[in-house]
Amino acid sequence: MELKYKVLKALEEKRGQAVSGETLATEFNVSRSAIWKAVKSLRQQGIDITAGTNKGYVLAVDSNSLSSAGINAILGENRYIIETRKSVTSTNTILKEMAVQGADEYTVLVAEEQTLGRGRFGRRFESPKGTGIYLSILLKPKMKAEDALFITTSAAVAVANAVEALNKKPNSVKIKWVNDLFLDNRKICGILTEAAIDFESGGLEYAILGIGINISPSEEVNEKLSGIAGSIFKTDIPNSRNQLTAQILKQISKQLDNFGSKECLDEYRLRSFLDNKMVTVIGGETRYLARVVGIDDKARLVVQLESGDKKTISSGEVSLSLEV
Ligand code: BTN
């Protein structure tokens, strides 16, 4: 791990307290001036570290801004190339442009706000500043285009585990097929995977995995989506943006070699929010009532109609509304 990340990690562990340059220099076996250089570079990245004469370095007690250094200090692996921004139109849109220009696999773009956040079916995804994170990951997995849905299902399981690493409430996060995460019956996260297909091989050229999460309550979101949207926490928690991003990337790393593994699909099913619930299946002009009876091995939803007949539905075709 680079020295600056080690320094940030050490300051994070003593957030709000002074840690002397000498202590850090001894701990990492470098000179005090190397520590000072590392701190300077962290500050240039927007990290709120103060330095008092003879007091040492202090990481601000309440800061919660996103930074690649803050994420890397927690992450402890160097697969990802992480870029953070205060505000963007849409991380998926921008990362797609970067992919077309040849960006590397595992490039990650994380933002504190999106002005044109996009959801499935061309819908808008509310992405206000200060209360959530919006990230996209560029993936180039060797898989058939028809299996791309497994990227979404694997990501849903990964994000559920990442959220629970933060809120410390095992099995609290449920997945509403196919791409929504729920906590306490409220939507806290949406996932949008967009893929480019290599028509010669029939495989994926690349995929942009986009994840938007509400960390703390937002008045703006509550006004527009009252009764639907929730958040992981009730208040703003210091460093939660970097923590959550790092946890998500760690959990995604576990799935990379095996998108859609049996274990992952089993966990996806266990977390299913829709099991045994009545839903309205909406596809184009048609809509019908059905009871959800399961998720098959291709991650399609299996529903039972009033007639008793079963139907298997794929994500591209339908959206669902829950009957309450
Ligand atoms: C949905 O709920 O329909 C999916 C929402 C996906 C939102 C994320 S936020 C990061 C990425 N950028 C976007 O514009 N959308 C995705």
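The questions and answers below walk through a predicted model of a protein chain with a ligand.

Visitor: How many helices and strands are there in the protein chain, and why can the chain be called as compact as a globular protein of its length?
Guide: The protein chain contains nine helices and 15 strands. The globule rule gives 20 Å for 324 residues, and the chain is close to that value, so it is as compact as a globular protein of that length, with a radius of gyration of 21 Å.

Visitor: Which residues of helix α9 are buried, and on which side of α9 do they lie?
Guide: Helix α9 spans residues 262-270, and a residue counts as buried when its relative accessible area is under 20%. The buried residues cover an arc of only 95° around the axis, which puts them on the same side of α9. The residues in question are C264, L265 and Y268.

Visitor: Which exposed residues does the face of α9 turned away from its buried side carry?
Guide: The buried side of α9 is covered by elements including α6, β7, α8 and β12. The face turned away from that side carries the exposed residues K262, E263 and L270.

Visitor: How much of the accessible area that the ligand has on its own does the protein cover?
Guide: Among the contacts with the ligand, a polar side-chain atom of S90 lies 2.7 Å from an oxygen atom of the ligand, while a polar side-chain atom of T91 lies 3.2 Å from a nitrogen atom of the ligand. A polar backbone atom of N92 is 3.4 Å from a ligand nitrogen atom. Of the 410 Å² of accessible area that the ligand has on its own, the protein covers 97%.

How values were computed
Residues numbered from 1 in each chain as written. Predicted model: local features only at pLDDT ≥ 70, side-chain atom pairs only at ≥ 80, totals over all residues. Heavy atoms only, no water. Buried < 20%, exposed > 50% of the residue type's maximum accessible area, 1.4 Å probe, protein only. Helix = DSSP H or I, 4+ residues; strand = E, 2+ residues; numbered from the N terminus. Arc of directions from axis to C-beta. Contact = heavy atoms within 4.5 Å. Polar contact = N/O pair within 3.5 Å; in protein donor to acceptor, adjacent residues only side chain to side chain. Areas by Shrake-Rupley, 256 points an atom, 1.4 Å probe, with all protein chains shown as cover. Rg over C-alpha atoms; globule rule 2.2 N^0.38 Å.
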